[in-house]
Structure formats: C-alpha cells, structure tokens
Amino acid sequence: MAAFRKESHDDEDDYWSGKSKKKGNMFDDDVSVEQAEQMARTKVLLKANDFDEETDTINWDGSNVAVTNTSSITPSVSIQPASVTSSYSKSSERLSGSSSNISLQEVVSNSAPKAQSSNDRAKMAEEIRFLQRSLERAKESGTTKLSVNDTVRCMITGEPFSLEVYRSREEKLELLDRAIKTHDGNAIITIVLFLQRTIKPSIFNLELQKRPVAVNQYINYLKYHYDFEALVDLLGFLGRSEEAAMFKYKQAINTSDPGVKIKNLKTCHRAHFLTEQGLSHNTSMLEEHISLLERQRPIEDADAKDEQEGKVQIFKTYPRKSSIINMSVITTLYYCCFYHAGLSENSLASPAAIKRDYKLTDKQFMWIALSARSRLKQWTGIEELFMTKGWFGGTKSKAAIGFDRVCEVLYKTSAPLDILSKYLRMVDNTERRIALAKKMKCHDIVVDTYVAMKDRAELTEYAKKMTPHSREAYYAQDALKSSYLSRCVVGASLEEPEEEDDARSTSSSLALFNKEGCYEIVGTLKDREAPKPDFAKEIIQFENKDQLYEHLVECDVLVYDITEDPDQIDEAVWAVSEIHSDLDKIEKPKMFILISSVMTWAKSKPLDPDDPEIPFTEDDYRRRKPHPNNKEHISAEKTVIKMGKTNKAKLVTYVVASGLTYGAEENIFHYLFKSAWHNAPQLLCFGNGQNVIPTIHIKDLAGVIQNIADSRPKVRYLIAKDDAQNTLEEIVKAVSQNLGTGKVKMITKEEALLSKDIEQSDFDQLLVNLRMDAVNVKENMRVNWAAETGLVENIQQIIKEYKDSRRLQPLRVCVLGPPASGKSTVVQQLCEFYKLHHIKIKDVVDEAMDNLTATARRADSEDQEDDDGKAQDAQDLIDRINEGKDQTTGRLEDQHVIQFFKDKLLSMSCQNQGFILDGFPKTIEQAKDLFASEDDEEPEEAAKAGSYNKLLMPEFVFNLEATDDFLHNRVMNLPESVVHGTHNTEEGLIRRLDQYRSINNEDETVLNYFDEIEFHPEKVDVNKDDSHMMKDTVEKLKKIIGAPRNYGPTAEELEEMKRVEEEARLKQEAEERQERERREAEESALRKQRQEEWTQRLNEVKREEYELLEAQSIPLRNYLMKHVMPTLTQGLIDCCKTRPDDPIDALAEYLFQNNPQVD
C-alpha cells in the first residue's frame, strides 16, 4: 500500500504510540480533511495477510471490501495494450478499483437498531478495536522501507510496497533502472509516473530521455489515456517534432464539427508545421486539407438546402447518400462531376476548379469525370471530355486514359451500342479494339476492323459465328462482297482462268483483303458529309478545281461517272482537258475512262428498218443519236475520245456506254423494288411495256472497268451490257412475282409522270427501246459476270442483294408467356415500332378460312378456266376441317393450324418486313411441326439434327415470366369494360393458366425446342413492370432486338411526326406562357400584398412613434405649463401693453427679471 504523506517516521511513531499532542479519533492520521478526501479517492487497498478468511478489509475512505480469500488480493494494477497503469500514483484515479461505495458509517448506521442493547454495543466496540488493530498493522507494513530490488519484486508479484520512502533522486532513478532491467511494463510505468509527480519537469524529461525503454512506455501510456498535450510536450522535448505534429494533427481532426476542425487544423498548421523544415511536404498536404474543408462547407450547405427544397431535379433523381464533408479530393471531384458538372471555373463546386487547385492529373480528372457522366447517362456530354485543340486551331479527340479504358467504363454503365462503337473506333491498337468489340458485342466494329486490316480469312470465320439472318451477319456478308475494284489485283483480268476449279476461276481477279497489289481507290463523294467508305484509301476534299487537279495528276487511272449526276459532265470535260493541256509536264501515262449512258443511243435509227431486232454494237457508235435530254452526254463522249487521239503514249481515253444498272441498293429500278417490298397491291408498268431496256449489273460494269484498266484495249468506245434483251414488262413482272403480290398494272406515260416516286430522267431511261450487243466485252474481256444472263434470270440473287444492301432483312420475333402476362400488349407496340406483322392465332385462322371460302365459291361459278382445281381443293379442305371440328368439340386440329401459320409466315408480306408471333407455338410438337425444314420428312429427326426452316425460324424468342399471383391481381384489376366479352375473367384465367402450366412444366416446355437448336430464348421478368402499357418491358425488348430494318418513316409519317412535334411545341410554349403569366400574377399579387403590409406596418410604426413622442412630451409640457408659460404669457401681455421698439429684447428682459428660479 502507499499513503502519500510527507511527515517523518518520528511523527508517525509518536502518533501511533499516543505521544502526539494532536487530538483526533481513531481514524485520524494527522492529515487535513482535503488530504483525507484525496486519499479516499485513490482507493488504495490494504493487504491483510494476518486476517482470517472471513474478515473484511477497508479502504482509506472507510468503505469496506469483501474479501473471501486474502491470499488472492493484489494491488490494483492493470496491464493495457501499449500502456501500464498503477494504483500507486496520482493518476490512479483514472483506474477502477475493487471497492464498494458503502462507507463504514453507513454500515454502522444501517446495522445498528434505534434502541441498542448492551450486547450490541459490546459487539460494536469489539469490531472497532478489530479495525484499529488492522489499521495499525497496515501502518507498520506500509512504512517499512524495502530495498530497490525487493520493491521492484513486490511491484511485479503484486505484494505491498511503498514508493514514498524513496526521497532522493538517485534512489528513484535506481528504481527506474532496475525496473527497466526486468522488462516489466507495469513496474516501469509505475515508477515513471512516480518520478513525473515527485521531481521537476526539466529533470524528469532529461532523465527520461536517457532511457529509451522508459520513454516508449510513457509515450504509450499517454497515447492510451489520450493525454495529447503531455505527449506533444514530451515529443517536442525529445526532438521528435514530426511525430508531435502528427499527434497534434490527429487531435485536431478528432471532431465532427467542420468549423471547429478547420480552426484546429489552422492552429496545428501554424504551431507545428510551418516551423519545421522537415514537414514541408506534410505542410502542403495539410494546407490542401484545410482548403478542401473550406471548399466543402459551402458546397454542402448549398446542396443540402437545394435537396431539402426539392427545386433541383438532379437531387430528386439521384438523392445524396452522404455529406461531402471529410471526403477525399478524388471523391469530392466525383461528387462535383456528378452534381455540378456544368459550372464554370470560378465556382467552388466546379470540377475544373478542383482539378486546377489540387493539381490533379489529366488521367485522374478524365477517369472520375467519365465515371460520373456515364452513371448519369449523359452520353452526348462525354464527347466534351475528349475534345482538345490541334496545332492549327482545329479540334481532335484525345483520351488521357486511352479510349480502351473509356470503352470499358462505358460498357460497365450499360452505354448504348452506338456510343460504344463510336469510341471503339478510336482505339488505336487493332487487337485491343477487336477484343473489346467482341466482348461488348459491337459486331460492326469487328467487321470494319477486319476490313481495314484486309484480313478476309478472319472476317469469314467471324461471320460464321454470328446469328444467322441477323443484321450483323448481313453486314459482315455485305463487307465480304463490297468494294469490287479495291479487291481487284492489278492485271488479274489478263490471266487465264483455271478450268479445273470453277469456284476459283470465278474469283481469280478478286484478292483477299490482306493481298498486296490491289488497286487503291481515291475519289470524291456526291455527299461531302458522308463517311469515307472502307474500300477507299482517301476521299478528296477540295474547295476549288486547282486543289482537285493536284490530286488528279497523282492518279494513274481516272474514272468519271456522268450517268447519275449531270454536274459531273462539266467536271469530267474540264479534267480531261486540263490533263491533255499539261501532257508535257506529266511524266507517267494517264488513262481516262468516262462512264456514259446508253441514252446517247436512244434516238438512233434501226440498222435495218425491215428488221428492227438487229442490235447495235460498238462499231455503230458514230451513228448514235442521243435523247434530247442527253445531248451534253454525247458532247462529253466526243471530247474524251478526241483528247485521247493526240498523244496516246501519255493519255489514253475510253468511253463506256453503260446499260441501265441494277444490283446492290438499286438505282433506276429502285421504285419497283421499294413498292414491291412495301406490299403494294400491284406494280406499275409504263406504256405498253414492250420496249427493250439494255441493262447491266453494277458489279459487271466494275468488271468491265477493271478489264479496261488492265488490258488497255484498242477500241476506245465500248458498250457495257449483259446478254439479256428484257422488256420493261418482263422486268416489272419478275420483281412483282418474286418480291410483291405478282400483279402488274399498265398505266399511260402521262399517268406515270404524275408519280412522285420517279423523276423525269428515270422516266426517260425506263421508256428507252434499244437492242444492243456488247461484242467487244464478250469477245475480248475476261469479266467475272455476276448476272450475265440479265436481271430477270437472276431476280432471286438481285432481290437478296437489294435486301442485304439496304438492311431490309425480315425481322422475325416470337413472344411467349403465360396468359395475361401482356404478350399482345408488348407485341402490338413492337409491331408499330418495327413495322412488322402481328401474327395472332385467331387472325391467322380467320384469314385462312376466309380465303378458303372465297376460293371455294369459284367452284360454283362459270369461270373456272384458270382455276386449276384450286376451288375444289379448297372446298375439300373446308369439309375436312368441319369434320375435324365435329370430332374435337369445335376445336381446329393442330395440323390445319400449323399449315395456316406456314402459309401466312411464308407470304411475301411476312418475308419482306418480318413478323412477331404472339403466343404461338404453345407446345413442343407445334414448334417442331411449324419450324421443320421443308427437306425433312420427320419433324422429330429435324429437331434432333438441328435443322429448321430458315425462312420461318424467329431470330429472337422472348418468354415473359410472371407468377400466378401477379397474373391473378392483374386480371382482377382490369376494368369491367375491358373484361366483358373476353376470356380475361377470373374463371377463364384459372382455366387457361392451369392448361399453360400443365403443358409447360420444368421437364417439358416449348422453350426446350429452341434451346435444342441453339436459339436460346430471352427470359423477361414482368412481375415488377408497373409502367403504363408495359413500356419498360417494351423498351427492354427493343434494346435486345436493335434498330429497325426498314425504310424508316414514310413521307406521310414524317409529316405526321412533324405535326405532332409542332403541336407539342406549341402546347409546351402555351403551358410555359401560362405558367409564366401565373407566376407573374402571383408575384404581382405577392408584391401588392407585401406593399400593403409594408404600408400598414409603416403607419403602425408612425402611430406608435407618435404615441411614444406624445407620452415622452407630457412631463415637458407639464413643466412648461407650470414654470414657463405663466411668466411667458404675462411677458407677452406686458409687451402688448407697452409696445416697445424691440419687443424681443423687451420680452427677454422681462423674463430675466421675473424668472421665478432667480433670487
């Protein structure tokens, strides 16, 4: 035990022996009341080794402690991590002791009865004597001075000891050194605290500095007890200023109030960081911390206010999850990029200002800003992050983090495919671009990259992996077929084809993308804003003809096409004339090829009037007569031929009279293909349709140009056409029968001119009547013909090219799901958006039965010449259907339903635009029968083999999934007007739902059929779709299906859209005007109300002020009336009587003489 007293041992002996002259009770220890209270608070425990096991020990404050086993009592010393505390110091009041709060007086008073007997008093006296003996023994044991080693041992073993007996500094330091040698933390810290209390601070710090072990123990003790003031002073004395500064920094930030934190940090910065050279780096970081907090406070206050008021939309859409206070610089930048992206640099919340003030790198800023804008779905604003100024004042796109990382960020935030494709094209590394494009399913980028790399083999392999008949698959196939001349090897047409391999001979002049020696295409575009084609090396951009000429003289072969754009006629003539005039300056020989039109032969007279079927050839070109609208063309032909005759070694010229071109996207015949594809009831044929039209496939024309460039033929004027002599009527019928309804209507030339779909020049070409033969092309050129026999003979191939080139592939979709899941609602909206045919069971059956009935009626009519027995067959089928209904209680047999569906889906309308199956097929058997390949006899074998009818198989299969409870609730909430007369009643739903679940269980469902043939259905959960007309589900399906495959809106639809937009704009303007007028009226009324309130308050203030002045003037008036006015009144009366010369002076004199206060 330790009793902190400074009296000598002699005084203590006198006291305990009764020699002391001081008076006191048995608990008096020659201390003052204050000292006694201090000792009582220390709660130092006594150890009573000589007491019985059932006795009690007490503290110095008189409270008792129950001890059952005195041998286990130890001083109150606890060991904590990184600190040691002891009850033998003034700091021990922080530690808990094993003491009770019940004092001895309370025990005596509570246990003593009000009327004590003699036995009770004797018992109490005995207890008092026992306690006195206990105190005496404790006193004797506490005042015994032990050796240093024994004291340290007692401290370690928990035996009683006293440090107060060590008076000199040497003894105390010896204690400390001994404790250090024992490596006991409790002993070391106990002695250190004793030294800290009993010696001067300067000596304490000096001696402590010499003992690193003690220093570390003391520092840990101060850390654990959060005594940062003492810790900082100690570290400063020890020369550990950096550590002291960091502890002061931790103390400064240990508050949640940002204002207090900023104040503490500034104090810490001023007191500890500015004065230390070694903390310069930390000083700048602390300054940035203070600056960041000072920036965050106003931003947080303003944003919290805006969020609470609900005036800013972004806080409504994206509520804040936490305060910006105490966020890092990067997190603050993200916050400001998210909520304050559009602010200027002079604003505190501006992301650009944060980047500037905190010296963030471009990579850090771009990564954070891109992440924030991507989360906000601000795809159009992302481009601003990459715009930088070029050397010559222009702008270019540059990403500090690389566009591959940009694409990864956009992909994680579900950016649209067009946005991903845009930035994937900017990835420089082609391998990285291809890998990312494949991962993000941007198939167009993969295809375009392979084309740019000229890697035809890889593109072919990649095209095989695409979904058949998908838009991407057609795009890849189109890329493999496009750019004829750019894939032609120079001189390839001069080589003899290999007869052994027909497939190879047909493409011997076409190189793979990665083969060298091909023609490099450089040219101009009619639409200068159009993107550069992949096959072109360069697109010439020029402001004047001088700039164009500089590019022309660099080319070896010049090709001008004057068949479509009349403006090209003058440019072609100018170009050949300029080159001809500069032949002396030109070193390399040039070839000029002019592609003209057979319309320069339109008015030529027949070679033999008696035999008009004799065709014209190249030898007859001097006899040609042009159409009146093509006189400029023949003039250009003559000029080109003339320029090539002067210096054939330097300039050779050719004129190619091309037939009307067809193929690819179509040109002159496009109106026919477009009308047929749109399911026009009949195609129009102008005149009698017997005029013969010279035609040539566009690829065959390119083959002729290739041969001219390779072989430099001697004939300068050539006719380019196929072998066909088709009339206009034959062409129209071929298109109608293979793409439309098969019907043709003859109209007069005058009626044709009224059509908006055809121009005058096209009309003239369609009415031309020429029989021509391309003798030189057939005999002297090796052309890999695409359609040598003409358009009519190759109509199927031409239609496929037309659909592929214009992205008009039919879109086939199937939407399945349980009853009342919203299939028809979704399908109807998809059909309207994609302009597809909505295929429902009832509509298909009704339409088929109506057609059968109409066909069967012809059996009774007299006109049956062209019927071919169809009427009788229709009647027989109707009879079989009726017999089947009788056997199946009115239900149509599946075989008839399947056949009706096949007929409908194979119709031209469905094969042109596409269709969406609404809830059919319902079972696996129906699916197998419907989609079975025509070449397979058994549907089961076809399904197992993975074969199917490619014209009928849907590209996308969706299954709308919903729980039974959801479907019940949906039907129950339908209005009565909607439910009446339908099967969407509660009973009907239960019956249909049970039937659906029975045929679509886990083991057997129609979806399994699609999985078996690798057409995996998309499962769409509609349980959570509570949007109007299931808009959310529709948008989800649109995103999966992709862009429409059609011509887009018609002229009428565009006009309607424009009208709707205009009405919406006018409506919005009217609403805004009404809202503005309402606000102005409210502001005016509020202003008037406030003006009235202000006027009322002003009058009230004036009244109160007047009343106050009146109240304040009453004493003064009373004083004047009593002491001034009587004398003043008498003086005035006296002046009136005497009438002095100076009444003022007389009145003053009177007042002075009669002043009652003047004696």
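Which residues make a nonpolar surface patch of about 480 Å²? Leu 1116, Tyr 1119, Leu 1120, Met 1121 and Met 1125 make it. The model is predicted.

## The nonpolar patch

One member of the patch is Met 1121. Met 1121 belongs to helix H48, which covers residues 1051–1138. Its relative accessibility is 57%, so Met 1121 counts as exposed. The cut-off for exposed is over 50%.

## A parallel sheet

Five strands build an open sheet, and their pairing is parallel. The order is E18-E19-E17-E20-E21. Strand E18 (837–839) and E21 stand at the edges. Each has a single partner strand, so one side of each has no neighbour in the sheet. On average, neighbouring strands of this sheet are turned by 20° against each other, direction ignored.

Look at E18 and E19. They run parallel and are joined by 3 bridges. His 838 stands opposite Ile 916 in E19. In general, strands of a sheet pair through backbone hydrogen bonds, either parallel or antiparallel.

## Cysteines without disulfides

How many disulfides does the structure hold? The count is 0. Why does Cys 831 have no bond to the closest cysteine sulfur? That sulfur is in Cys 910, and it lies 9.8 Å from the sulfur of Cys 831, too far for a bond. A disulfide needs the two sulfur atoms within 2.5 Å. Cys 831 is buried, because its relative accessible area is 8%, and buried means under 20%.

Cys 1136 is in no disulfide either. The nearest cysteine sulfur belongs to Cys 1135 and is 7.0 Å away. Cys 1136 is exposed, with a relative accessible area of 56%.

## Backbone exceptions in loops

Most residues other than glycine have a negative phi, and most peptide bonds are trans. Three places are worth a look against that background.

Where does Arg 807 lie? Arg 807 is in the loop between helix H35 (795–805) and strand E17 (811–816). Its phi is positive, about 55°, although Arg 807 is not a glycine. Met 1029 also has a positive phi, near 55°, and is a residue other than glycine. Met 1029 is found in the loop between strand E21 (1018–1021) and helix H47 (1031–1041). Its relative accessibility is 40%, so Met 1029 counts as partly exposed.

The peptide bond that joins Phe 920 and Pro 921 is cis. Its omega is about 5°. Pro 921 sits in the loop between strand E19 (914–918) and helix H41 (924–931).

Terms used. Residues numbered from 1 in each chain as written. Predicted model: local features only at pLDDT ≥ 70, side-chain atom pairs only at ≥ 80, totals over all residues. Heavy atoms only, no water. Patch = residues over 30% accessible without salt bridge, like charges linked within 9 Å, V, L, I, M, F, W, Y side chains within 5 Å. Areas by Shrake-Rupley, 256 points an atom, 1.4 Å probe, with all protein chains shown as cover. Salt bridge = Lys/Arg side-chain N within 4 Å of Asp/Glu carboxyl O. Helix = DSSP H or I, 4+ residues; strand = E, 2+ residues; numbered from the N terminus. Buried < 20%, exposed > 50% of the residue type's maximum accessible area, 1.4 Å probe, protein only. Pairing = 2+ DSSP bridges. Axes fitted to C-alpha atoms, helices over the stretch in contact; angles between N-to-C directions.
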